[in-house]
Protein chains: 2
Amino acid sequence: MANEMTTANGQPFDRASLESLMRRRMFYTPAFDIYGGVSGLYDYGPPGCALTNNIVDIWRKHFVLKENMLEVDCTMLTPYEVLKTSGHVDKFADWMCKDPKSGEIFRADHLVEEVLEARLKGDKEARGQKVEEGVEDPKKKKKKLKAITAVKLEDAVVQEYEEVLAKIDNYNGDELGELIKKYNIKNPATGNDLLPPVAFNLMFQTSIGPSSNLPGYLRPETAQGQFLNFAKLLDFNQQSMPFASASIGKSFRNEISPRAGLLRVREFLMAEIEHFVDPEGGKKHPHFDEVKDVELELLNREVQLAGKTHVETTKISKAVETGLVDNETLGYFLARIQLFLLKIGVDKTKIRFRQHMANEMAHYATDCWDAELFTSYGWIECVGCADRSAYDLTVHMKKTGAPLMVREPRKEPLTIEEFQVDINKKKFGPKFGKDGKKVEAELLALTQDMREKLSLDLKNEGKITVEVPGVGDGKVEVPQEILTIEKRTRVENVREYTPNVIEPSFGIGRIVYALCEHNYWTRAEDEARGVLSFPPTVAPTKVLIVPLSSHTDFKPFVRRLNNKLQDIGISSRVDDSGASIGKRYARNDELGTPLGITIDFQSVKDDTFTLRDRDTTRQVRAPLDDICNAILNLVNGTEQWADVAKRLPAFEGQEVE
Amino acid sequence: MANEMTTANGQPFDRASLESLMRRRMFYTPAFDIYGGVSGLYDYGPPGCALTNNIVDIWRKHFVLKENMLEVDCTMLTPYEVLKTSGHVDKFADWMCKDPKSGEIFRADHLVEEVLEARLKGDKEARGQKVEEGVEDPKKKKKKLKAITAVKLEDAVVQEYEEVLAKIDNYNGDELGELIKKYNIKNPATGNDLLPPVAFNLMFQTSIGPSSNLPGYLRPETAQGQFLNFAKLLDFNQQSMPFASASIGKSFRNEISPRAGLLRVREFLMAEIEHFVDPEGGKKHPHFDEVKDVELELLNREVQLAGKTHVETTKISKAVETGLVDNETLGYFLARIQLFLLKIGVDKTKIRFRQHMANEMAHYATDCWDAELFTSYGWIECVGCADRSAYDLTVHMKKTGAPLMVREPRKEPLTIEEFQVDINKKKFGPKFGKDGKKVEAELLALTQDMREKLSLDLKNEGKITVEVPGVGDGKVEVPQEILTIEKRTRVENVREYTPNVIEPSFGIGRIVYALCEHNYWTRAEDEARGVLSFPPTVAPTKVLIVPLSSHTDFKPFVRRLNNKLQDIGISSRVDDSGASIGKRYARNDELGTPLGITIDFQSVKDDTFTLRDRDTTRQVRAPLDDICNAILNLVNGTEQWADVAKRLPAFEGQEVE
């Protein structure tokens, strides 16, 4: 388990130099930069955009294509009523505290975290311990605190703070308010007292149409569109269960005070799966066997509530058997999530799965595991995998009356023995008059137990007495002439149920950022030479084409190579600038380009080219077709560089600096 | 030129049956349907989503990969100030009229169009002419008018109406108001008078952050993000011009009263290119030669203003030569747009390029050609190709001071002879005191012509007189002791300029819809059997796998086929429902699936399979590897069905109905 962030080749990780690289090479840039920027909004430049597209592409193949998921694309604009029903209008909120004097606004949980962590640091300093730097919490505001003062705390206080921090995600607004009072937390910049936490809804509001009488929001997740279409999707799937829908698109959260770069943004790309499963029969998954031996690092709820962060490596089959992970379908997706993360190049030692604590879960979830990736900001939630039970389908069905449920013929007809209530309408109406409806409703609502008891009364006394509020004195007698209660057998051929939903939900932007941290290192010979070692499938550009110089003899070769690569669908870039070959390769190391082709005077003579591997800087030389073939194999993942280096003759020529 | 819409096999086109198919097969569905829907918002179901993804994929290869464009992904949330500067806050509006009694709101131009067209229809009826049905304008409200009354109009009135309709996009609010008065146009439903047209801004407004002091909008186009990043993109491109950026993403327009299904929506997918080009030297394009012989159907501005719609077929090289299309870069993209549309399966006879009239153009454009596709709604703008000149870069540079320009070393230093103004600051200050700045500014702003004239005055009279509003009586004398105006030579080594922008902008949703109309037909033997003949590259699913029956012997074959196809990246679906083979194929004809594999008892015996072509319903039989190979070639476009049918043995077995 990683405790301090190191680079891909084991050096200490320097976030500032990676971020500088990412901005310099335009992986991303603050949106509206020339207007001063807007916090929490970022644009992706060419390499960031290509990286994201490639990851989305692999995601689509790994999940949608592989499992025949039904991909949909629903609108972001969402009318008020839908999100009122889903619970987001009332519950999709964070707690914020205002400094009434300065007007500054803080996110309450982040403030508590930040202040307690600062005090713990001060305590360590006072005790003469080494203060660890470099691992920071992403939720923490980066705004400079007053310089940490070395104040020793009571041992009991240290322990209390640490326990609070371990379950910081588990407090509600009142509890956060109490912590703020108890620990005497103020605005760190001004020392002012803060108002108690109030809920701030995180949805962006707008108005649809010209008459402004249709309020709406930008969706906070892609899921709702998938739920609303459930009946049509089931139809499309020819009524066959289980099945999954999926959606890739932007969602929006109006964060109170977003910092931490790409990790906390107001507009972000999500890829979400809604897997609909029969709640009966243990939520089995038909392909669970294929992943049963995958090992995951699991951090469960109980460990966290005990104020610990101990993780266990567990085979997913065992985790499901022991009930640590609730069911096969949830387990299947946890394993598939890890396989996806590994496929795109995430560092295996920097993945763990953390279970949510009760208060931390979204209002719709009954269980949730996050895939967290370790970064210089600490452990970051990158994929959530929630069991939403039947929550969403149930609330929308109740609100709209639409049949968001499954009706399936029973393999064996179900025989039910039950007490049935029959009313003799002809006599019943005249007897009760205007109270008839109320009495009837009360009779039909009787439980099986009550019916059994009353059937005996009816037999023994010739009448029963039921409570009907609002009729007479609240007690009504019903004689046996107008009522029968009998045990009978009924046969049910069709079963109706509301499916449960298992939802793996990917924050693509966070994954992209963590991937960059995991793949970043600097060449031993020169710390300023950063490298991003993305796997070829994921790399933004696959090949750099470098003519030795601007000599005109090289130009037709550049054009031919470029066209050839375009024809086979490989993205390449030509760098025919005057810079040295070494400089040009250094630039492309930073862009994560895995392969380079050099055109030199020998190319002009014998039509061979050198192919360079980014990570080892080794080169081979071969004719064009062999080079292209090797590139295709490397990009498709069917060959590794070691294979290519074995097959094709090495080229030992010096790089011309 | 098509005048009435026909299907791919020449039958009369029936929109209702296509729309029913598209909804039934979940190409799209009204968003929030179970909540009653919201007009102008649609969700794409699995086939619509896959079709869109495939088109986007081809777009990316055709434009971004082919021309090394710099793809970026910018935020949709956009602060007020950016869109104020770009002109959208003031000018991105439509004209709406309100019925003050009913509260109903109409889009003014659509209302005029609708009423005049209805009257022309009534006139035709009165004259006993056939009234053409089936071609409707998408901008027209579909709401039922009162039954058309057959009223004959004066010949002159008919001509006037037709002229108004030909240039309906060219009227501003006042002019529309006058037309409404002149032609006595009322609310068609109630007969009420309408208020005069007022501007309604089409952007969705929201507020960013918790303090609601940062108003923002959802972007109306992806372009602004690209412009704001211009300096960084130029840097990324190593200062090399010309180059293009590109972006694919959702944009939003709060349409007044959207109807016409997928053609007028409030949230839509755009793919936009901003090609930055030197305004000097005729806006040449380096690859123009590759497209010079492409022939386009061009409908120019003058023809439309004359109230006509006559189109000429012209080679793009000739159109640029004659100045009909302003420059090579614009011409290059018009040709590339057509090539793209043909590649995805648009009907060549249903494409034309229409030039915008002056008032019709967006506020930023100096010229614009729309690629229009013919559909049952008439000619529909699907791609705009505008010359935005230096408008956007200039306004943002002026507002922010950011250097949105190109600085390039001149090949030959430029020698400039010019009159220079020098001020003797020591004497100038004391003489003019607090007016000094104003006088100086006026002197430095003098044109070369003025400077020449004044240099003579200075020589002849020892002083000059300049107009400086607000200083003394507005005329100021400046003596030669404090002023020199001399002709001198200056050498400029660097050239600075603001690039012009050519912007091809694709409405993907409209293209998807038009493509469906162009590829729809019904089998001659059965009108109810609809087919969507998408090219295999574009088709949502490539292969349907059909076991002859649910016999268990077939199951391992189904699994093997499915896995094999997944491995080679081909999307397939299994239909092992109990329905007849014919029914299963019919369903997939409607989904546009080009290929089908049947597994029958012979497959079990000798491991061969039949491959069926959707359009001809012909089949071949071959071993698995041959079948997969043929599928790959068909999907990549390297083989056509005719080639496959020649290579592989035909299978003449009857389809089991």
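This section describes the architecture of chain A and the interface between chain A and chain B in a predicted model.

Chain A comprises 657 residues, of which 57% are buried. Its secondary structure consists of 23 helices and 29 strands. The C-alpha trace of chain A extends over about 110 × 65 × 55 Å along its principal axes. Among the contacts in chain A with a separation of 6 or more, 70% join residues 24 or more positions apart.

The arrangement of the two chains was examined next. Two copies of a chain are related by a rotation about an axis and a shift along it. For this pair, a turn of 180° combined with a shift of 0.1 Å along the axis lays chain B on chain A with an RMSD of 0.7 Å. This relation is therefore that of a two-fold axis. Within chain B, Thr206(B) has the C-alpha nearest the axis, at 2.8 Å from it. The interface is shared in a corresponding way: 100% of the interface residues of chain B are also interface residues in chain A, so the copies meet through the same surface.

In terms of contacts, 79 residues of chain B meet 80 residues of chain A. The area buried between chain B and chain A is about 6,700 Å², and carbon and sulfur atoms contribute 61% of it. On the side of chain B, the residues that lose the most area to chain A are Ile34(B), Tyr35(B) and Phe236(B), which together account for 12% of what that side buries.

Polar and charged interactions also cross the interface. Between chain B and chain A, 32 residue pairs are in polar contact, with both residues at pLDDT 80 or more. Helix 2 of chain B, spanning residues 46–65, supplies the largest share of the side that touches chain A, namely 6 residues. By residue class, the side of chain B that touches chain A divides into 38 nonpolar, 24 polar and 17 charged residues. The interface of chain B and chain A further contains 4 salt bridges. One salt bridge is formed by Lys250(B) with Asp73(A), whose closest N and O atoms lie 3.0 Å apart.

Taken together, the predicted model presents two chains related by a two-fold axis. Their interface buries about 6,700 Å² and includes both salt bridges and polar contacts.

How values were computed:
Residues numbered from 1 in each chain as written. Chains lettered and ligands numbered in written order. Predicted model: local features only at pLDDT ≥ 70, side-chain atom pairs only at ≥ 80, totals over all residues. Heavy atoms only, no water. Contact = heavy atoms within 4.5 Å. Buried area = accessible area lost by both parts, 1.4 Å probe. Salt bridge = Lys/Arg side-chain N within 4 Å of Asp/Glu carboxyl O. Polar contact = N/O pair within 3.5 Å; in protein donor to acceptor, adjacent residues only side chain to side chain. Helix = DSSP H or I, 4+ residues; strand = E, 2+ residues; numbered from the N terminus. Nonpolar A, V, L, I, M, F, W, Y, C, P; charged D, E, K, R; others polar. Least-squares fit on C-alpha atoms with pLDDT ≥ 70 in both. Buried < 20%, exposed > 50% of the residue type's maximum accessible area, 1.4 Å probe, protein only.
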